Amino acid sequence: MHTIEHWVDGKPTVLTSTRTAPVFNPATGAQSAEVLLASGADVATAVASARTAFEEWSQSSLTTRSKVLFAFRELVNANVDELAGLITDEHGKVLSDARGEVQRGLEVVEFACGIPHLLKGDYSDQVSTGVDVYSFREPLGVVAGITPFNFPVMVPMWMHPVAVACGNTFVLKPSERDPSGSQLIARLWQEAGLPDGVFTVVNGDKEAVDAILDSPDVAAVSFVGSTPIARYIHERGSANGKRVQALGGAKNHAIVLPDADVDFAAEHLSAAAFGSAGERCMAVSAAVAVGSAGDAVVEAVSAKARGVRVGPGRAQGSEMGPVVTAAAKERIVGLIGSGAEQGATLAVDGRDLMVDGHEDGFWVGPTVIDHVGTSMDVYTEEIFGPVLSVLRVDTVDEAIALINANPYGNGTAIFTASGEAARRFQRGVHVGMIGINVPIPVPMAYYSFGGWKDSLFGDKHMHGAEGVSFYTRAKVITSRWPHVEHPSGASYHFPTNT
Ligand code: NAD
């Protein structure tokens, strides 16, 4: 059995812990590898390596850093297919989707290539006679990223290109369910010329995470995962004096107004609900049909759901793969059943889907549940599977109120032909990322990614200007070079400007 190791000091490394977790191929249901799970002492070793590397890397010039970033960009681009294959084999998503994930991650690398521009400071000449003020930003030190299974390459890439470009060293604790992509990323950083110890991978579970949160040498933690763990990471990391950004789960609603093009909306709803088997934090899991839109939307989206080609991620023509684990499948199937028991209607039921030749894979077919109420488990739980709940309301204002009553606030969308309704929606919803006739409004890398309410703990979103701000802190210099011919006297009152 292949063992996935850590990456410390520029090489694959076995540390002291011999604990492991199984890694599965979700399309076959078979175990494909085991991954080492670090102990607290192992995390200390990894962080110490990153701490040492920080001394030199934080002093490297902006030119050096941007050269490494550009080289890394080329290498990731040249290895898109290999990275996508690793993602598909451990996550299950189809290859085209996995390639798309790498591409969206690359956009953050490209953003970080512009680090000399992004770190330009401010300068105010002659704020007082003979006095200038200027500011610049410095890296924090060792920063850590703790990431979820659903985007094993892209989500870490929301973090490490920006953190490293800012002069930090980065310790990644990827999901133990699909850890292989991180090993290849580490190798590509090294080939790009990044000094050993600047990018470290430590595999593990709660024990490793807790050691990161308690380490005095970790200055900041970026987390993406489910809401209960995000809340915990934020509380424990903050209590230990760290800067923390912790992105949590989601329940993303898409409103369909009666004036929307129903076929367009249904096609996009289907792709947004069932793409990647619904295992996206920006997946649409609740459609809110307004007024007369209801029956037509359910009919059209159900037809699309029945037509989705489900199969192994590597098979030609597959549009949707399996879910990540047997436990995930069991949970999703249970929630679909609860919807029926609690009074909703199963318009399309994917529970019994089977894929020929892959009988042991973790399959759940696209599912549409109609007449869902806000107290049902299918609505209150983040299902994280290929399940679209349809709720019905009478007006756009009712739809906005329904979204705002939900504890999550990651993404939302509206399908309409009315600019007035779209504007009312964008101003009224308490959600971080909003799409107008765009169901998965993931911001470009030069904007920042983040939700509101229980979808984000902390005050900085990922990448873009907020990412640079998160991974740096400001120095403001007030400077005077006394002129021998015009000496400026000191005084005992608080300095004022003249
Ligand atoms: P998860 O919360 O189970 O795991 C995330 C990370 O936390 C993993 O690295 C895991 O090892 C670690 N972890 C798990 N349990 C822990 C514990 N008890 N103590 C300390 N660390 C622990 O999430 P997941 O199942 O891997 O990913 C799916 C979740 O991530 C969904 O809720 C999804 O919405 C969310 N997500 C959110 C975003 C976003 O941008 N808001 C993006 C992607 C995924």
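## Ligand contacts

In this predicted model, a backbone N or O atom of Gly 248 lies 2.7 Å from a nitrogen atom of the ligand. Two glutamates approach oxygen atoms of the ligand through their side chains: for Glu 176, a polar side-chain atom is placed 2.7 Å from a ligand oxygen, while for Glu 382 an N or O atom of the side chain is 2.6 Å from an oxygen atom of the ligand. The protein buries 89% of the 840 Å² that the ligand exposes when taken alone.

## Ligand surroundings

The ligand occupies the largest pocket, and 27 residues surround it, with Lys 173, Glu 176, Ser 226, Gly 248 and Glu 382 being the closest.

## Nonpolar cores

The largest nonpolar core comprises 66 residues, and within it the most contacts belong to Ile 255, Leu 269, Phe 274 and Val 372. A second core, separate from that one, contains 62 residues, among them Ile 115, Phe 199, Ala 220 and Met 433.

Which residues does Ile 255 touch, if those up to four places away in sequence are not counted? Its partners are Val 288, Val 290, Ala 399, Ile 400, Ile 403, Ala 413, Ile 414, Phe 415 and Phe 425.

Note on methods
Residues numbered from 1 in each chain as written. Predicted model: local features only at pLDDT ≥ 70, side-chain atom pairs only at ≥ 80, totals over all residues. Heavy atoms only, no water. Core = buried A, V, L, I, M, F, W, Y, C linked by side-chain atoms within 4.5 Å. Buried < 20%, exposed > 50% of the residue type's maximum accessible area, 1.4 Å probe, protein only. Contact = heavy atoms within 4.5 Å. Near = heavy atom within 4 Å. Polar contact = N/O pair within 3.5 Å; in protein donor to acceptor, adjacent residues only side chain to side chain. Areas by Shrake-Rupley, 256 points an atom, 1.4 Å probe, with all protein chains shown as cover. 1 Å grid on protein atoms, 1.4 Å probe; cavity = no way out; pocket = protein on both sides within 12 Å on 5 of 7 lines; lining within 4 Å. Sits in = over half its atoms within 2 Å of the grid points.
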